[in-house]
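Thanks for asking me to look this one over. My notes follow as numbered points, with the terms explained as they come up.

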Amino acid sequence: MSESPFNAGTLPVDDIATDAEQRRHRLFATADQLRLGGRGMEALHVLAAEIATSRSGERHRALLLGRLAQIVALEQPAIALAGLREALHLRLDAPSRSTVLALVATIAARTGHPDTDALLRDAGTAHAASGDQASARHLALGRAARSLAHGDLPGAQAVLAALDPDSWAARADAASIRAERILVQLGLGRHQDAQAATCQPPEATDVSLTGLTALDCLRMVAVGELPEAAALAVTTLSSGSTNLSREVRALLVAVIGEVRYRRGEHDDARAILRACLAEDRWPDRTMWTFAFCVAVRDATLSTPAGLLNRVVTDLHRSVRPLLPVPHFGPRLVRAAMAAGDTQAAGRVTELVELVSTRTPVPLWRALADQSRGLRDGDAGALRSAVDQLRTTAARPALADALLDLANCPRTRSGEAGDAAQEAAALYARIGAPGDQAIADQRCAALAATPRHRPSMDELPSRGIDALTPAEERVAEMLATGATKKEAARILFVSFHTVDTQLRSIYHKLGIRNRMQLARAWERAGR
């Protein structure tokens with residue numbers, strides 16, 4: 001029987017200094033060396049063994065548990081889970097055991113492990129018996145991670161709000177708390193709040209800074225600051241920092257690949273993404289799901305590897321990778337439809353709609369409409385997505401939705417041309433010349449298409465039936481007595497959007513005021 005890696009790498013008692021602080025520094029240095037040498041299991045054992053035998057007081061134990069959590073965060077999920085489960089075989093005291101159980105549950109929740117609920121129950125029971133502060137924090141992080149995996153952003157936000165990353169007791173876990181809060185803010189479309197949250201206090205470590213830098217890069221991709229995102233990602237990735245976790249590297253690779261594709265630099269994008277496609281083991285491949293969501297737009301990479309099915313399977317375990325970058329969900333639907341895989345398109349659409357149900361904000365309503373519009377070829381759903389995305393800061397998602405509307409066969413040619421032109425202009429503003437060229441090609445194709453007489457299937461240009469779904473919603477509210485301000489609030493759009501739609505409604509109905517609108521609506525029996 002081979003020796004367990006947890007029986008190797010321990011420090012002889014004589015080699016450890018008598019003073020607790022010196023011994024702790026020695027342990028930390030040893031654990032770091034083992035981790036950097038690819039011996040993550042042994043690094044975890046060094047710390048867990050000291051926790052099990054330490055008699056140096058509560059503060060010493062708390063610092064050791066904090067370092068254990070940091071090492072876990074830097075390792076692959078499979079190694080972290082195996083290492084922590086081995087640690088549970090040691091003679092840990094009740095507070096330490098409850099913290100390790102909470103760490104196991106948190107990793108399981110982040111990866112969408114099928115045993116997550118059972119592990120969270122076990123961790124909760126252990127915490128109730130010990131009452132330990134550290135286990136309380138990690139249990140909260142685990143519960144928040146489970147909410148994120150199920151697309152319940154408000155639920156995760158409520159759990160994380162009870163944690164104070166600035167307290168001394170939470171110092172070791174502050175980076176994890178901040179990172180989860182930023183992920184929630186990105187998912188809710190609160191990009192300015194997310195940007196402010198990446199500002200770190202002076203005592204921030206390299207580990208926390210690089211993790212928050214990666215999240216800031218994702219924020220830039222989400223709002224269309226593409227050149228800035230690529231520059232920061234390349235700088236961070238090439239810094240040579242030994243504290244870049246595999247997950248952070250994966251995020252940075254995804255950011256660089258995304259920007260290069262949008263620039264039209266496909267060969268460069270493929271070069272940086274190809275290495276990540278080799279990871280096919282679960283749960284370790286979940287770290288690369290962001291990069292996979294970038295690669296699916298390229299048939300050269302995704303088709304031979306069966307990448308789309310892998311991504312869809314993992315997203316059904318956890319939708320976490322869809323949360324920070326809004327356009328990833330519709331992109332997967334678009335890729336599935338292009339590949340003729342309507343089943344995959346339907347599964348992704350259901351996931352996006354699930355998130356929009358649990359997180360009812362304009363951003364996710366728009367993404368659900370866009371995904372459904374792509375799946376069903378529904379121009380009305382795509383129009384609704386465009387209208388709602390105009391109220392958010394997700395400019396790449398808006399540009400993509402405009403181009404989807406322009407490409408939809410059921411969109412009238414004039415409307416399609418306008419949408420393609422706006423998409424091209426927006427791509428130009430965010431620094432995406434590759435996507436701009438695609439939109440320009442669509443503009444040229446539409447301009448070259450001969451005008452034809454409207455068919456019975458096309459919407460008329462005047463009258464109630466000429467209104468778009470978004471205009472119908474506004475018209476109904478205003479015709480029944482709502483003010484423009486009330487309509488904007490209830491429909492989650494801007495006052496300017498309502499005002500613009502009202503002018504279009506007046507034009508299509510041939511009327512001039514609200515009284516005439518109410519009469520027209522009543523005559524139409526709406």
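1. A nonpolar core here is a set of buried Ala, Val, Leu, Ile, Met, Phe, Trp, Tyr and Cys residues joined through side-chain atoms within 4.5 Å. Buried means under 20% relative accessible area, exposed means over 50%, and partly exposed is in between (1.4 Å probe, protein chains only). With that in hand, the largest nonpolar core has 107 residues, and Leu273, Trp288, Val311, Leu332, Trp364 and Tyr427 touch the most other members. Helix α13 gives the most to this core, with 10 residues. A second, separate core of 32 residues includes Val46, Leu81, Leu84 and Leu103.

2. A word on the model before going further. It is a predicted model, in which local features need pLDDT of at least 70 and side-chain atom pairs count only at pLDDT 80 or more, while totals for chains, interfaces and linings use all residues. Residues are numbered from 1 along each chain as its sequence is written, and side-chain values use heavy atoms, with hydrogens and water left out.

3. How confident is the predictor? The pLDDT is its confidence in each residue, from 0 to 100. The protein chain has a mean pLDDT of 87, and 90% of its residues reach 70 or more. Please be careful with residues 1-17, where pLDDT stays under 50 and the model has 23 contacts beyond four places in sequence; contact means heavy atoms within 4.5 Å. Residues 453-459 also have pLDDT below 50, and this stretch has 5 contacts in the model beyond near neighbours in sequence. Where pLDDT is low, the predicted coordinates should not be read in detail.

4. Back to the core: what does Trp288 touch? Leaving aside its neighbours within four places in sequence, Trp288 is in contact with Ala250, Val253, Cys276 and Glu279.

5. Next, the charged pairs. A salt bridge is a side-chain nitrogen of Lys or Arg within 4 Å of a carboxyl oxygen of Asp or Glu, and the structure holds 34 of them. One is between Arg110 and Glu247, with the closest N and O atoms 2.8 Å apart. This pair links distant parts of the chain, 137 residues apart, as Arg110 is in helix α5 (residues 94-111) and Glu247 in helix α13 (residues 246-263). Helices (H or I, at least four residues) are DSSP runs, numbered from the N terminus. Arg110 counts as partly exposed, at 27% relative accessibility, and Glu247 counts as partly exposed at 27% too.

6. Is each partner of the Arg178 pair buried or exposed? Arg178 forms a salt bridge with Asp166, the closest N and O atoms being 2.5 Å apart. Arg178 lies in helix α9 (residues 174-187) and Asp166 in the loop between α8 (153-161) and α9, so the salt bridge joins parts 12 residues apart in sequence. Arg178 counts as buried at 15% relative accessibility, whereas Asp166 is exposed at 58%.

7. Lys508 and Glu471 meet through their side chains in a salt bridge of 2.8 Å, N to O. Since Lys508 lies in helix α27 (residues 495-509) and Glu471 in helix α25 (residues 469-479), the pair ties together parts that are 37 residues apart in sequence. Lys508 counts as buried at 13% relative accessibility, and Glu471 counts as buried at 7%.

8. There is also a network of salt bridges linking Glu258, Arg262, Arg297, Arg331, Asp400 and Asp435. Two of its names come up again below: Arg331 is among the buried residues of α18, and Asp435 is among those of α24.

9. Helix α18 deserves a look. Of its 11 residues 8 are buried, so α18 is largely enclosed by the rest of the structure. The buried ones include Phe328, Pro330 and Leu332. Their cover includes α13, α15 (289-295), α17, α19 (342-358) and α20 (362-376). After α18 comes Gly340, with a positive phi near 75°.

10. Finally, helix α24 (residues 433-448). Its 16 residues should span 22 Å at 1.5 Å a residue, and the end C-alpha atoms are 22 Å apart, which agrees; the expected span is 1.5 Å times one less than the number of residues. Its buried residues, among them Gly434, Ala439 and Cys443, pack against α13, α22 (395-407) and α23 (413-430).

Key. pLDDT is the predictor's confidence in each residue, from 0 to 100.
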